[in-house]
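Let's take a walk through this structure together, one stretch at a time. Keep the 3D view open and follow along.

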Amino acid sequence: MLLVRASERSGTAGVWSLPGGAVDHGEDPKHTVVRETAAETGLSVAVSGLEDVLADMRALPERGITIHTDRLLYRVSVRGGTLTDRVERPTDLARWYTLDEARALPLRSFTARALGLPASSADIVPDEPPEFPSFYAVPGPDGLHRAQRFAAYAVVTDPDDRVLLTRVSDGYPGAGCWHLPGGGTDYGEQPGAALIRELVEETGQTGRLVELLGVASHRDAASLGPEGYPIDWHGVRAFYRVVVDQPAPPTVADVGGSTCEARWFAREELGALPTDRLTEVTAEAVQAARLT
């Protein structure tokens with residue numbers, strides 16, 4: 001396993017984790033993991049697949065904050081380069097370890113979980129998530145507000161092989177288009193739990209998570225929604241396959257929100273929908289699930 005060590009500059013000196021880092025605004029996460037791995041280790045890698053999506057919280061008492069992070073874990077192969085140590089950077093060492101060797105290291109909690117090792121005590125995990133807005137936009141360098149949000153969506157089917165979609169309300173980006181059930185995750189919430197919660201709120205259905213299908217990254221440089229002003233919006237969206245074993249007539253509980261209708265579609269009905277009647281993430285997820 002290739003691991004990197006946090007330096008004195010990081011606030012968690014001596015703790016080891018997987019290579020990687022934050023997704024820049026508008027950046028595809030697959031590009032992020034390649035860029036960050038090169039910067040932290042000196043190695044060039046190629047992404048071979050998506051391994052998992054998970055979230056974690058850690059408290060930094062000395063700074064008085066709690067950080068929620070949504071993490072996309074990719075499998076990669078090394079294309080070349082030379083393992084390099086870094087000076088005065090947030091990570092200072094990169095080393096190869098066997099799983100048994102890694103077990104003896106102080107690991108970030110998400111790294112221990114990703115490697116299937118016992119939960120690490122290297123991170124301070126808060127008992128309760130703090131109150132935090134589910135969405136906020138900040139002024140960007142060009143004066144336009146920017147927003148970046150992680151969300152989880154479902155490709156939902158039932159025993160009759162129907163597909164469940166929701167329609168976007170007027171006043172929201174993509175108004176009138178058919179969309180996947182789901183939405184943004186709350187602070188401290190795991191993507192799968194967020195997805196099942198959103199499914200009930202938007203459609204009245206109870207589903208079970210089957211598998212992770214992929215991650216979509218879309219940027220709308222001037223999205224216009226209920227805020228009333230354009231936002232440079234970047235959405236990173238994990239989409240899963242979900243099965244509803246006992247389907248019911250769809251009902252929208254969150255009246256007045258971004259969803260105005262939910263409906264079951266037969267496969268042929270879904271295939272007959274024009275592409276411009278589907279949101280970007282819906283078209284991508286339906287194709288990944290091989291439903292059309």
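**A guided tour along the chain**

Start with residues 1-120: this part of the chain is 20% helix and 40% strand, and its end C-alpha atoms sit 17 Å apart. Bear in mind as you look that this is a predicted model. Now jump to residues 147-287, where the mix is 19% helix and 41% strand, with 27 Å between the end C-alpha atoms. Why pick these two spans? Because UniProt, in an unreviewed entry, lists residues 1-120 and 147-287 for "domain: Nudix hydrolase", an annotation that may be inferred rather than shown by experiment.

While you're in the earlier span, have a look at the surface. Val78, Leu83 and Trp96 make a nonpolar patch there of about 280 Å². Trp96 belongs to strand S5, which covers residues 91-96.

Next, find strand S7, residues 145-157. Which strands does S7 pair with? Let's take the partners in turn, beginning with S6 (residues 138-139), which runs antiparallel to S7 and is joined to it by two bridges. Here Val138 stands opposite Arg146 of S7. S6 and S7 make a hairpin with five residues between the strands, and in that hairpin Gly143 takes a positive phi near 90°.

On to S12, residues 231-243: this strand runs parallel to S7, and 13 bridges join the two. If you want a spot to zoom in on, try Arg149, which stands opposite Gly235 in S12.

S10 (residues 182-184) is another partner, running antiparallel to S7 with three bridges between them. Ala151 has Gly184 in S10 as its bridge partner.

Then there's S8, residues 163-168, also joined to S7 in antiparallel fashion, this time by two bridges. Val156 pairs up with Leu164 in S8. S7 and S8 form a hairpin too, with five residues between them, and Asp161 in the turn has a positive phi of about 65°.

Finish the tour at helix H6, residues 280-288. Which of its residues are buried? Val281, Thr282, Ala285 and Val286 are. These residues cover an arc of only 125° around the axis, so they end up on the same side of H6. Turn the helix around and you'll meet the exposed residues Glu280 and Gln287, carried on the face that points away from the buried side.

Terms used. Residues are numbered from 1 along each chain as its sequence is written. This is a predicted model: local features need pLDDT of at least 70, side-chain atom pairs count only at pLDDT 80 or more; totals for chains, interfaces and linings use all residues. Side-chain values use heavy atoms; hydrogens and water are left out. Patches are made of residues with over 30% relative accessible area and no salt bridge: like charges are joined within 9 Å, nonpolar side chains (Val, Leu, Ile, Met, Phe, Trp, Tyr) within 5 Å. Accessible areas come from the Shrake-Rupley method with a 1.4 Å probe; for residues, only the protein chains shown count as cover. A salt bridge is a side-chain nitrogen of Lys or Arg within 4 Å of a carboxyl oxygen of Asp or Glu. Helices (H or I, at least four residues) and strands (E, at least two) are DSSP runs, numbered from the N terminus. Two strands pair if DSSP finds at least two bridges between them. Buried means under 20% relative accessible area, exposed over 50%, partly exposed in between (1.4 Å probe, protein chains only). The arc is that of the directions from the helix axis to the C-beta atoms.
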